[in-house]
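Reader: I've got this one open on my screen and would like a close look at one part of it. Could you walk me through the strands, and then whatever else is worth a stop?

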Amino acid sequence: LNEAKAIIEEYYSSLPNNNLTFNINNHSFIIPYSDIEARVDVEKTIDAVKDIIPENGFNQLFANYDKEYSLNPVIVFNKEKLQNICEPIFTSFERPSVNARYDIEEGILVYTPQIPGVRVDFEKLTEQIERHLNISRYEPFNIDDTSLVFADIYNPEIYETEFSVIVSKAQIPFLPETEMRKYLNPLHGVVFDNNAVINLKDLLDFSQFKNPAEKDILNRIATGIYQSALCIEGMEILERTPSRQPVLYTETGLEAVIDNDNQNLVMINKTSAPLMLLIETRENTVVFNMVSDKELKNGMLVVKKEEEIPPPIVTSVNDTLSPNEKKLVSEGIPGFTVSVSLIIENDRIELYKDKYDPISKVIEVGKNNISVDK
């Protein structure tokens with residue numbers, strides 16, 4: 001037995017000088033055996049030989065030097081070192097899974113199934129390398145996309161409902177230079193279950209809208225969500241603030257503004273079905289869509305202007321003007337009240353009234369000129 005051990009050790013003494021070659025999807029990598037402490041386990045090799053050769057034959061195997069035998073040694077290695085070396089090589093072939101998602105493309109609801117990701121099963125990799133070294137160590141270790149070393153990974157399904165119907169939409173213009181996508185991405189695909197509260201502060205971080213331009217973006221987003229929800233039967237508005245004066249990006253009476261930290265947009269979905277908000281961008285327009293798993297009653301919002309209030313006149317003295325000279329600085333804008341209604345089929349539902357302050361008419365006059373045309 002000792003003689004057999006000595007012969008095996010001597011015969012395979014140069015094994016640590018060899019290399020393990022990987023071929024992975026047209027990429028080749030080499031790992032020296034010495035880096036993973038690969039060696040022949042003499043004890044296990046002798047046990048393996050004994051299992052297939054009778055005892056008297058085993059004695060003859062190492063005593064008869066004139067006869068050739070084919071012997072597969074048992075090769076062992078440091079599995080921890082192998083994994084440490086393989087991780088940076090193989091993780092480059094990993095990829096995360098991509099969630100299923102819904103989108104609106106040119107007005108059509110599109111569903112994209114989940115794309116599974118790929119992770120490396122290092123336990124399986126170690127098993128296959130061990131098998132390779134003990135059976136075909138002279139050949140490269142070939143791995144492709146179908147190998148069990150690469151395992152599919154799936155994310156938990158994020159949609160419990162199969163959405164199929166575009167219920168409503170609202171179009172809001174955005175300025176060309178606005179980087180609106182970073183603000184809209186967190187909103188796309190958000191689901192509001194039946195009886196769920198739609199709270200804009202829970203959906204967006206208001207602190208990122210600081211300067212006037214950013215405040216304008218927030219107000220356009222709030223308005224788009226508000227309008228897309230308001231025209232659906234069963235939506236209940238808990239908190240919404242109108243502008244004090246008409247805005248440029250939508251019809252007066254249909255805006256929702258957030259002018260300070262105390263303001264918010266809050267609604268409740270009482271439509272009897274889940275709703276999902278999907279956002280589509282078209283050049284300088286953003287379309288806010290509400291979709292559901294079934295047809296829901298929705299209608300048309302109607303705004304009626306009434307009770308117009310003429311703008312007040314503000315007079316200021318301009319020393320550069322002659323005493324009898326007058327200069328119109330601003331025409332002013334009348335104030336008014338609007339009533340907003342929702343028409344669904346043959347029913348007209350009166351929703352609310354908003355009052356808008358007039359914008360003053362401004363006139364400059366020369367010194368000592370106190371009369372003002374009205």
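Which residue in β14 does Ile198 stand opposite?

Author: Ile198 stands opposite Met267. Before going on, a word on the ground rules: this is a predicted model, where local features need pLDDT of at least 70 and side-chain atom pairs count only at pLDDT 80 or more, while totals for chains, interfaces and linings use all residues. Residues are numbered from 1 along each chain as its sequence is written, and side-chain values use heavy atoms, with hydrogens and water left out.

Back to your strands. Strands here are DSSP runs of E with at least two residues, helices are runs of H or I with at least four, and both are numbered from the N terminus. Two strands pair if DSSP finds at least two bridges between them. Ile198 and Met267 belong to the pairing of β12 with strand β14 (residues 266-269), which is antiparallel and has 3 bridges. Step back a little and you see an open sheet of 3 strands, in the order β12-β14-β13, with antiparallel pairing. At its edges stand β12 (197-199) and β13 (235-239); each has a single partner strand, so one side of each is left without a neighbour in the sheet. From one strand to the next, the twist averages 25°, taken between axes that are lines fitted to C-alpha atoms (for helices, over the stretch in contact), with angles running from 0 to 180 degrees between N-to-C directions.

Follow the chain out of β14 and you hit Ser272, in the loop between β14 and β15. Its phi is near 80°, a positive value in a residue other than glycine. Ser272 counts as partly exposed at 47% relative accessibility; the scale calls a residue buried under 20% relative accessible area, exposed over 50% and partly exposed in between, using a 1.4 Å probe and protein chains only.

Next comes strand β15 (residues 275-282), where 6 of the 8 residues are buried, so the strand is largely enclosed by the rest of the structure. Strand β11 (residues 190-192) runs antiparallel to β15, joined by 3 bridges, and Val190 has Leu277 in β15 as its bridge partner. Strand β16 (residues 285-292) is also antiparallel to β15, with 7 bridges joining them; there, Thr281 stands opposite Val286. β15 and β16 make a hairpin with 2 residues between them, and Glu283 in the turn has a positive phi of about 50°.

Glu37 has a positive phi too, near 55°. You'll find Glu37 in the loop between β2 (27-32) and β3 (39-40), partly exposed at 39% relative accessibility.

Now for a stop at Ser97, in the loop between α4 (79-90) and β5 (101-105). Ser97 is buried, with a relative accessible area of 13%. Its side chain makes a polar contact of 2.7 Å with the side chain of Asn155. That term covers a pair of N or O atoms within 3.5 Å; within protein, one must be able to donate a hydrogen and the other to accept it, and residues adjacent in sequence count only if both atoms are side-chain atoms. Leaving aside neighbours within four places in sequence, Ser97 is in contact (heavy atoms within 4.5 Å) with residues including Gln114, Gly117 and Tyr154.

Gly117 lies in strand β7 (residues 117-120) and is buried, with a relative accessible area of 0%. Not counting residues up to four places away in sequence, Gly117 touches Arg95, Pro96, Ser97, Ala151, Asp152 and Ile153.

Last, the rings. The structure holds 9 aromatic pairs. Rings of Phe, Tyr and Trp (its six-membered ring) pair if their centres lie within 6.5 Å; planes under 30 degrees apart count as stacked, over 60 as edge-to-face and the rest as tilted. Tyr102 and Tyr111 have ring centres 4.8 Å apart and planes at 50°, so that pair is tilted. Tyr159 and Phe163, with centres 6.3 Å apart and planes at 80°, are edge-to-face. Ring pairs link Tyr102, Tyr111, Tyr159 and Phe163 into a cluster. Tyr102 is buried at 4% relative accessible area, Tyr111 is partly exposed at 40%, and both Tyr159 and Phe163 are buried.
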